[in-house]
Amino acid sequence: MTNASWAWAIGIVVGIILVIILLRALNRDGAVKTKYDERQLVVRGKAYKVGFYSALAACGVMMFLCTGNFGAEKLGYSGYFIPILAGVVGQVSYCIFKDGYVGLNTNMTRFILIMALIGAFNLFLGIFAAVRGELIVNKTIQGPFINLLCGIMFVIIFAELVVKKAIDAREE
Amino acid sequence: MKNLRLKAARAGMDLSQEELAKAVGVSRQTISAIEKGDYNPTINLCIAICKVLGKTLDELFWE
């Protein structure tokens, strides 16, 4: 394994540990598992379908861009993340607006706050790399571009959650 | 189709959607969706709602 492979593997392990800690902080009962009711489980099932087709559509677009000489190959491995993030945004957006994203034991305000913090942190890392000139090396986009993409994704999710909270408050 | 009988039974017991939702272990939005007719609940949830509201399945859910 190369150093970069080790860095990815360690990053994934650290990421899983962070997610567990965040879930415990987000859930009112301190549980790692978020609880959903029967309607939410149905919504989440449909949302995975939406996410799957969003990822497929994004894969199609990426393949088109790669074969059409649009320079998409210069995205480097961050190009793999675009369909993944498209799938996540599709799944999460459907869930949020169909009331399937925030679990029964989730603290909504804390949830929105953490989304904003994660988004801001990722945007900071991406912009910091861009300022230092580390975003594009040898005409190929580098890893920190993923931070920018993730930051944009979390900002989208944050905005959707705020809008949904406002809609719910008006309904109540 | 809207479930006005459920809404009336809930209001009759002076319960909010949130309170009924907590009593039966679902989200407020699920109770709202059932009342609006946007969600068809399982028999288990119907029974739980009937128990909390002191009604029969016929009274609340039979067309």
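**View 1. The surroundings of N147(A) in helix α5 of chain A.** Leaving out residues up to four places away in sequence, N147(A) touches N122(A), L125(A) and G126(A) in this predicted model. Is N147(A) buried or exposed? With 21 other C-beta atoms within 10 Å, N147(A) is buried, because the cut-off for a buried residue is 20 or more such atoms. Another residue to pick out here is F124(A), which lies 23 residues from N147(A) along the chain. The C-alpha atoms of N147(A) and F124(A) are 8.3 Å apart.

**View 2. The largest nonpolar core, with 22 residues.** Which residues have the most contacts inside this core? They are V92(A), C95(A), M115(A), M153(A), F154(A), I157(A) and F158(A). Four helices of chain A each supply at least two residues: α2 (38–67), α3 (78–97), α4 (108–131) and α5 (144–171). The largest share, 8 residues, is that of α5(A). For a closer look, centre on I157(A), which is in contact with V92(A) and M115(A) once its neighbours within four places in sequence are set aside. Another core, of 13 residues, lies apart from this one, and L6(B), L20(B), A21(B) and V26(B) are among its members. As a general backdrop, nonpolar side chains tend to be buried together in soluble globular proteins.

**View 3. Two packed helices of chain B, α2 (residues 17–24) and α3 (residues 28–36).** The angle between these helices is about 110°, and their axes are 8 Å apart. That angle makes α2(B) roughly perpendicular to α3(B). Which residues make the contact? From α2(B) come Q17(B), E18(B), L20(B) and A21(B), while α3(B) brings R28(B), T30(B), I31(B) and S32(B). By class, the residues of this contact are 3 nonpolar, 3 polar and 2 charged. L20(B) and A21(B) may look familiar, as they also belong to the core of 13 residues in the previous view.

**View 4. Where domain 1 of chain A meets domain 2 of chain A.** The domain assignment gives residues 1–33 to domain 1 and residues 37–171 to domain 2. Taken over C-alpha atoms, the centres of the two domains are separated by 17 Å. How many residues does each domain bring to the contact? Domain 1 of chain A brings 7 residues and domain 2 of chain A brings 6 residues. On the side of domain 1 there are 4 nonpolar, 1 polar and 2 charged residues.

**View 5. The contact between chain B and chain A.** Here 9 residues of chain B are in contact with 6 residues of chain A. Which element gives the most to the side of chain B? It is α3(B), with 3 residues. The side of chain B that touches chain A has 4 nonpolar and 5 polar residues, with no charged ones.

**View 6. Chain A as the setting for the close-ups, with 5 helices and 2 strands.** Followed along the sequence, the elements of chain A run α-α-α-α-β-β-α. The C-alpha trace of chain A spans about 55 × 30 × 30 Å along its principal axes. Of the 172 residues of chain A, 26% count as buried, N147(A) from the opening view being one of the buried residues. Among contacts in chain A with a separation of 6 or more, 75% join residues 24 or more positions apart.

Methods
Residues numbered from 1 in each chain as written. Chains lettered and ligands numbered in written order. Predicted model: local features only at pLDDT ≥ 70, side-chain atom pairs only at ≥ 80, totals over all residues. Core = buried A, V, L, I, M, F, W, Y, C linked by C-beta atoms within 7 Å. Buried ≥ 20, exposed ≤ 12 C-beta atoms within 10 Å, placed from the backbone. Contact = placed C-beta atoms within 7 Å. Axes fitted to C-alpha atoms, helices over the stretch in contact; angles between N-to-C directions. Parallel < 35°, antiparallel > 145°, perpendicular 65-115°, else oblique. Nonpolar A, V, L, I, M, F, W, Y, C, P; charged D, E, K, R; others polar. Domains from an automatic or database assignment.
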